[in-house]
Amino acid sequence: MVVRDLNNNITFWNRGAEERYGFSQQEALGANIHALLQTQFPQPLAEIERELFRQDCWEGELRQIKRDRSTVIVTSRWALQRDEEGKPIAILAINTDITEYKRTQESLRESEERFHGAFEHAPIGMALVSPDGRWLQVNRSLCEIVGYSEQELLTMKFQAITHPDDLETDLGSRHQMLAGEIRSYQLEKRYFHKCGQIVWILLSVSLVRDARGQPQYFVTQIQDITERKRALEALRESEERWQLALRGNNDGIWDWNVKTNEVFFSARWKEMLGYEDHEISNHLDEWAKRVHPDDLELVTQIIQDHFAKKTPFYISEHRVQCKDGTYKWILDRGQALWDEADNAVRMAGSHTDMTERRQAEEALREQEAILRSFYNSSPMMMGVVELLEDDILHLSDNQATANFFGTTPAAMQNRRASQLGAPQSHIRQWIAYYQESERIGSPVRFEYNHNIGTDIRCLSATVCFIGKASSGRSRYSYVVDDISDRQQAEEERAKLIAILEATSDVVGTASTDERVSYLNRAARKIFGFSEGEDFANFTIADAHPKWAYELVRNEGIPAAMCSGVWVGETAYLSHDGREIPVSQVIIAHKSPDGRVKLLSTVARDITQQKQTEASLREAERRWRFLLENVRLVVVGLDGNGKVDYVNPYFLELSGYTQEEVIGKDWFENFIPRYQKQPLEKSFQELLEQNFHPHYQNPILTKSGEERLIAWNNTLLQNSQGDAIGTMSIGEDITERHAMERMKDEFLSVVSHELRTPLTSIHGALDLLASGLIDAQSDKGKRVIDIAAESADRLVRLVNDILELERLESGKISLVKQPCNVADLLIKATDLMQVMANRAGITLSVSSQDMKLDVDGDRIIQVLTNLLGNAIKFSSPGSTVWLTVKSELVNPNTILFEVQDQGRGIPVDKLESIFERFQQVDASDSRKKGGTGLGLAICRSIVQQHAGQIWAESILGKGSTFYFTLPGWIAEDVCDDNQAHLSD
């Protein structure tokens with residue numbers, strides 16, 4: 001800020017002025033401002049001052065010199081200061097430095113000039129385009145590209161001359177740029193020239209925005225690429241023609257730089273070997289390592305010969321390995337280029353797949369060999385002949401022809417038919433047919449009979465004209481087939497058809513489209529067709545009810561086509577609507593190539609069979625129900641002795657499941673080893689002779705127990721009468737057998753036991769009756785005592801036997817009622833006290849107040865029997881204890897004990913003594929007076945009360961007999977009651 005007087009002398013110079021111009025305040029004050037700063041005015045100073053005094057202010061740009069002699073440009077704003085009277089007294093100047101701004105403006109101006117020059121004279125089209133597409137500025141090159149003048153373009157939008165197929169892409173890119181998504185873009189597009197032709201351009205676009213970021217205009221560069229596009233199109237078409245030619249020839253291309261061994265392999269070259277383009281590099285090794293090892297040396301030599309100019313071209317057929325490991329035959333052709341020194345520098349060529357041709361040649365050779373083999377080995381007579389005036393000349397004949405004439409093919413060559421023994425009548429006949437085939441231009445077939453001795457053969461011949469030989473004679477081929485067997489077969493076929501017509505079974509044929517082509521008489525009768533009536537529209541579906549047709553169509557025909565034949569039960573639908581069940585066979589007749597050409601069927605009416613089967617099924621059901629529910633063992637064995645049936649009772653008896661039995665060897669798994677061999681022998685004799693229909697043998701249950709079975713065996717036979725197995729029904733007689741054995745043993749023992757006292761009685765009575773002994777004598781009295789004792793023993797024995805039998809047979813019913821254990825013990829001891837006193841035995845009783853629901857008399861019988869035995873086998877002065885208590889394990893079980901101090905019982909006798917007539921010592925029955933049935937009776941009584949009885953003993957110390965009974969313990973338990981009874 002500067003203040004000066006009207007003479008332009010400085011009166012005020014602030015700090016900003018000091019910094020701006022470099023002069024201090026002392027230096028500036030009083031100095032003329034324009035002289036000090038060498039001010040340059042935009043107009044004469046006098047004009048500026050007049051304007052200042054007129055308007056009191058002025059503003060403009062001044063150029064001034066600073067203290068360092070540099071120039072500064074300022075925007076100067078002058079304000080005229082007046083006194084109170086309005087007279088001007090000073091001028092205030094405020095100067096703003098705009099030096100940099102001016103420099104920038106100058107640079108911009110220079111840049112604008114340069115841009116304008118470049119814009120106008122650019123060799124490519126340039127334009128400024130508004131955001132809506134209007135041309136704002138265009139250069140001369142753009143006008144030349146599109147054919148419009150600058151004035152014409154400035155009135156248009158670029159959309160007006162853009163090809164419609166390119167407009168959407170161009171607008172899309174501009175929208176992206178306006179949205180800030182991209183900064184620029186480039187694309188190839190088409191303009192319409194003013195003359196209407198299409199101009200290809202390369203368009204480059206960028207966007208200019210203002211200081212606020214708002215779009216101002218697009219800067220576009222347009223390069224005419226029409227000629228380049230045409231050249232590229234021509235090149236593309238040329239490339240396509242070249243590639244098309246290569247593809248049409250199906251060849252691969254290679255180009256070998258001999259010096260570097262780099263090779264260009266075309267995509268087709270690689271494709272021929274099964275490779276993708278990137279899988280093979282550009283080196284000679286890629287080719288060399290794939291050439292078959294057997295071919296590589298020869299191929300290399302052929303290449304070297306061509307490089308040495310021994311051959312004009314490189315041509316080789318060799319094998320090259322494909323990606324999958326197989327080899328292809330390749331025809332490799334090429335030509336080299338040589339330098340001035342005749343060194344091969346490059347060779348290019350093609351790669352042709354010859355595999356198919358090689359295979360075709362090989363196949364042709366094989367076919368020729370096959371045809372030659374067929375010609376030589378064919379059973380039909382074949383050959384080539386020429387016609388003479390009245391004869392036939394044989395040129396080539398196969399072995400069958402030679403055999404027919406009784407010679408060899410070589411011997412027949414160039415021989416006349418008459419020389420070979422052919423009758424003249426046959427020769428004339430053949431000549432006529434040969435000539436006819438030449439006349440009509442096609443083969444002629446005929447049949448004739450040929451006599452060979454007494455044998456007449458029917459021959460079928462086909463002759464064909466081949467052409468003229470170099471001699472001018474006509475040449476023909478012939479094929480002769482001996483159809484004697486075929487004629488015989490046709491006769492047999494006629495007989496077969498007669499049989500088919502006569503059979504009662506339905507026989508028919510149909511094509512694969514299910515149209516019926518033949519029906520025999522039985523079939524025509526069922527379906528309502530008269531003799532000779534047309535059934536061309538009759539189909540398989542018409543012959544069956546719906547369900548049967550579905551079965552035939554979905555199962556029968558497919559199965560027959562697959563395996564050749566199908567058998568099943570279906571039904572026919574008769575003309576009157578009846579459904580006839582049939583057993584049907586469908587056969588698919590195939591041609592040699594496996595194609596089904598005909599379907600045939602044979603069906604039999606099984607109405608009666610169905611009724612019979614229904615009756616059999618019902619009978620089988622009844623028998624099976626019987627076998628499944630009968631309480632007898634039923635076992636079925638096949639011919640090998642394997643189980644194929646058992647009934648539920650067998651499983652129940654043996655403990656096995658059905659899965660554990662079916663299919664197992666009967667003799668190996670269910671028969672004891674000691675019975676296996678004889679039973680297998682009986683089984684074989686039953687199969688072979690129907691022998692051994694009845695026998696008994698044990699079988700093994702799952703637990704290992706043997707059960708005795710009485711068998712009734714039946715031989716099973718098939719429809720031809722062959723034995724196929726057995727069916728055995730058996731009764732489990734294990735218990736019955738055991739009872740019978742026990743009964744036999746019992747009778748034996750009883751007879752012995754009864755006989756002994758009877759013998760004594762009988763002897764005593766005989767002695768007395770004979771008078772040998774006086775009845776009143778001591779000896780007689782002794783004999784009478786013996787007889788009385790024997791009678792008493794006999795009575796006891798009979799009573800015990802009857803008692804035991806009544807108990808075990810259930811004839812004696814237990815009368816159970818509540819009883820006090822103590823009362824039972826007292827009654828038992830009271831009964832045995834006399835016997836104990838006589839024997840000098842002390843009875844010791846220990847009891848509790850317990851309740852039992854028992855037959856009291858029978859329990860007392862058990863106790864007295866046990867006490868009696870204990871007394872009999874105890875020494876005088878010893879004690880017998882009788883005790884009762886509840887078991888510790890089960891308090892509701894009452895345990896009785898009778899313990900003595902006798903001689904004891906051997907361990908091996910502890911079980912058997914409870915059997916009938918079993919005693920520790922056989923002499924005890926005589927010495928002690930026992931029958932051997934007392935313990936058996938005790939066991940029977942205890943078991944009928946659901947109890948158990950057993951004995952424990954120590955030899956020389958005594959025995960203890962125990963038995964248990966179910967019961968309950970009274971609430972009030974009495975103290976042990978000890979009773980010691982003695983004489």
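**A surface patch, an open sheet and a covered helix**

I will start at the surface, where Met-1, Phe-12 and Ile-94 together make a nonpolar patch of about 240 Å²; patches here are made of residues with over 30% relative accessible area and no salt bridge, with nonpolar side chains (Val, Leu, Ile, Met, Phe, Trp, Tyr) joined within 5 Å and like charges within 9 Å. A salt bridge is a side-chain nitrogen of Lys or Arg within 4 Å of a carboxyl oxygen of Asp or Glu, and accessible areas come from the Shrake-Rupley method with a 1.4 Å probe, only the protein chains shown counting as cover for residues.

This is a predicted model, in which local features need pLDDT of at least 70 and side-chain atom pairs count only at pLDDT 80 or more, while totals for chains, interfaces and linings use all residues. Residues are numbered from 1 along each chain as its sequence is written, and side-chain values use heavy atoms, with hydrogens and water left out.

Ile-94 belongs to strand β5, residues 88–97, where strands (E, at least two residues) and helices (H or I, at least four) are DSSP runs numbered from the N terminus. With a relative accessible area of 31%, Ile-94 is partly exposed, a class that lies between buried, under 20%, and exposed, over 50% (1.4 Å probe, protein chains only).

For the whole protein, there are 31 helices and 39 strands, and 38% of the 983 residues count as buried. The accessible surface comes to about 56,300 Å², and carbon and sulfur atoms hold 51% of that.

Let me turn to one sheet, which is open and has 5 strands with antiparallel pairing, in the order β23-β22-β26-β25-β24; two strands pair if DSSP finds at least two bridges between them. At its edges stand β23 (516–519) and β24 (565–573), and because each has a single partner strand, one side of each is left without a neighbour in the sheet. From one strand to the next, the twist averages 25°, axes being lines fitted to C-alpha atoms, for helices over the stretch in contact, and angles running from 0 to 180 degrees between N-to-C directions.

Between β24 and β25 (residues 579–590), which run antiparallel, there are 9 bridges, and Val-565 stands opposite Ile-587 in β25. Helix α21 (residues 607–629) lies across β24, β25 and β26 (596–605), at about 115° to β25, where contact means heavy atoms within 4.5 Å.

Finally, helix α31, residues 934–944, is mostly covered, with 8 of its 11 residues buried, among them Leu-935, Ile-937, Cys-938 and Ile-941. Just after α31, Ala-946 takes a positive phi of about 65°.
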